[in-house]
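Please read the following report alongside the sequence and the coordinates. The topics are one helix with its surroundings, and one sheet.

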Amino acid sequence: MTATTCTAVDPSTGEPGAAFAEATPQDVHRAVEAAAEAFHDPRLREPGRRVELLRGAAARLRAAGDEIVAVAGAETGLPEARLRSELERTAGQLEAFAALVERGDYVEAIIDTPDPAAIPIPRPDVRRMLVPIGPVAVFGASNFPLAFSVAGGDTASALAAGCPVVVKGHPSHPGTGAVVAREIEAAVADVGLPTGTFALLQASGIEVGEALVDESAIAAVGFTGSFAGGKALFDRAAARPNPIPVYAEMGSVNPIVLTDAALAARAQAIAEGLSASVSNFGGQLCTKPGVVFVPQGEAGDAFVADVADRLGAAEPQVLLNERLRDGLVAKIAELEDLAAPVRSSATAEGPGFRFRAAAYRAAAAELADRPELLDERFGPVVLFLAYGSREELLHALARVEGQLTASVHAQDSDAELVAALARVLSERAGRLVFDGFPTGVAVTEGMHHGGPFPATTAPAHTSVGMTAVRRFLRPIAFQNAPASVLPPELQDDNPFGIWRRVDGELTRDPL
């Protein structure tokens with residue numbers, strides 16, 4: 001790798017692949033200038049064009065599927081079945097956002113008609129809706145080369161909102177990013193939108209990302225990655241002369257709580273599901289359960305041993321890049337000063353950047369003196385924390401910081417405990433999972449993929465699901481405005497036929 005190229009590496013072998021030219025600060029400025037021009041182009045404000053763009057991009061990605069999967073496989077070491085599934089998810093969420101734009105009610109149009117007799121003062125005509133915020137910078141994720149990268153959820157939701165997108169591609173899969181960007185750019189051209197609607201910048205260092213965040217025309221940032229990376233972007237964006245929001249999804253240990261009754265009823269099924277959730281795809285999912293609270297005693301000991309045996313029997317998992325492998329080695333060294341390995345330790349192995357999955361164990365009561373037990377370990381590793389009583393469990397959970405998810409495995413007989421767990425965990429997680437596992441995030445209307453800090457920098461928002469579009473919209477109210485300046489969504493005759501809240505009532509009728 002040189003200062004001017006970004007080189008792909010096959011993590012299953014460690015062998016270098018294709019090299020790609022890195023963007024310069026001048027490239028960043030030109031891309032953002034073009035995005036700013038596109039933002040003010042009336043064509044991007046046309047919902048019909050954005051619908052065509054999103055659906056066209058989905059169709060193009062599917063048509064290029066064999067090429068995309070082949071390139072992504074060589075750059076990530078992920079199996080073909082996983083990549084094809086992720087490609088379909090990527091195309092599907094583009095289409096889902098197209099349907100959202102087509103319905104139109106995502107703008108949350110509200111009309112309060114005037115009331116001269118209102119007390120204490122006459123009420124004016126007030127019409128409110130959400131409008132696009134401006135050009136958006138998106139940072140691709142290492143662990144999802146498709147669904148959270150160049151054409152991923154951040155890009156799809158920003159384009160749906162009417163915001164141009166400039167993507168800083170992840171250096172772990174530059175070839176994948178280049179192929180996907182080619183198809184998005186072609187989809188932009190197909191529907192006659194300005195070229196600045198979308199751009200990809202390739203870079204292996206941090207300078208391009210910093211320059212992108214510093215550009216005054218960038219109005220928001222979407223990021224998926226480490227706590228260190230997300231927090232650095234958040235701080236940089238906050239220090240700008242005109243601060244902007246950073247929607248960063250960062251680290252999470254996604255705690256799971258198991259009760260005695262759950263283990264008595266279905267220990268083997270839980271062990272099977274947990275082992276897969278921890279180890280699948282190298283444990284490199286943002287929702288991987290990293291900490292499991294398990295009852296002390298014979299049943300808990302047997303369960304922990306069962307999971308450790310399952311993890312130990314699995315083949316070493318390919319990690320996405322050398323940096324992640326080395327980072328996990330360091331984290332395991334720290335963990336082994338705090339907790340005991342069950343059966344065997346987690347170890348780095350070859351060829352390439354592989355890691356053997358493993359389980360560790362400590363007492364939940366130790367969290368009082370060793371909060372670092374709750375540190376994230378990104379990879380196929382799980383820590384069991386044994387608790388001896390309901391009170392000990394609740395005290396331990398009170399020490400858990402913000403998380404993307406939290407899960408509970410219990411039985412009907414645990415109703416009182418489950419209610420207490422739900423109260424504690426709902427204050428700390430963006431999604432509560434009952435009798436299941438957090439890996440696998442459905443792209444639905446009601447999904448929330450976020451959580452309190454430090455899991456994210458914006459706990460009110462999600463990066464998965466249809467409400468992700470709200471991150472790239474802002475409200476504006478028109479008071480006593482002439483009809484000629486009102487957007488279609490707020491006009492009396494409701495030309496798009498969308499749902500609106502008029503004087504407190506939802507309706508699609510014209511005024």
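Contact here means heavy atoms within 4.5 Å of each other. The model described is a predicted one.

Helix 3, made up of 12 residues (65-76), reaches 16 Å from its first C-alpha to its last, which is close to the 16 Å expected at 1.5 Å a residue. Gly65, Ile68, Val69, Ala72, Glu75 and Thr76 are buried in this helix; viewed down the axis of helix 3, the buried residues fall within an arc of 135°, so they line one face of the helix. On the other side of helix 3, Asp66 and Ala70 are exposed. The buried residues of helix 3 pack against several elements, among them strand 1 (5-10), strand 2 (15-21) and helix 2 (47-63), and they also pack against helix 4 (80-103), helix 6 (174-190) and strand 12 (317-318). After helix 3 comes glycine 77, with a positive phi near 75°.

Elsewhere in the report, the topic is a sheet. Five strands form this open sheet in the order 7-6-5-8-9, with parallel pairing. Strands 7 and 9 are the edge strands, each pairing on one side only, and the twist averages 15° from one strand to the next.

| Edge strand | Residues |
|---|---|
| Strand 7 | 198-201 |
| Strand 9 | 246-249 |

Strand 8 (residues 220-224) pairs with strand 9 in the parallel sense over four bridges, and tyrosine 247 in strand 9 is the bridge partner of glycine 222. Helix 1 (residues 25-39) packs on the sheet, where it touches strand 6 (165-168) and strand 7, and the direction of helix 1 makes about 165° with that of strand 7.

Definitions and conventions. Residues numbered from 1 in each chain as written. Predicted model: local features only at pLDDT ≥ 70, side-chain atom pairs only at ≥ 80, totals over all residues. Heavy atoms only, no water. Helix = DSSP H or I, 4+ residues; strand = E, 2+ residues; numbered from the N terminus. Expected span 1.5 Å × (residues − 1). Buried < 20%, exposed > 50% of the residue type's maximum accessible area, 1.4 Å probe, protein only. Arc of directions from axis to C-beta. Pairing = 2+ DSSP bridges. Axes fitted to C-alpha atoms, helices over the stretch in contact; angles between N-to-C directions.
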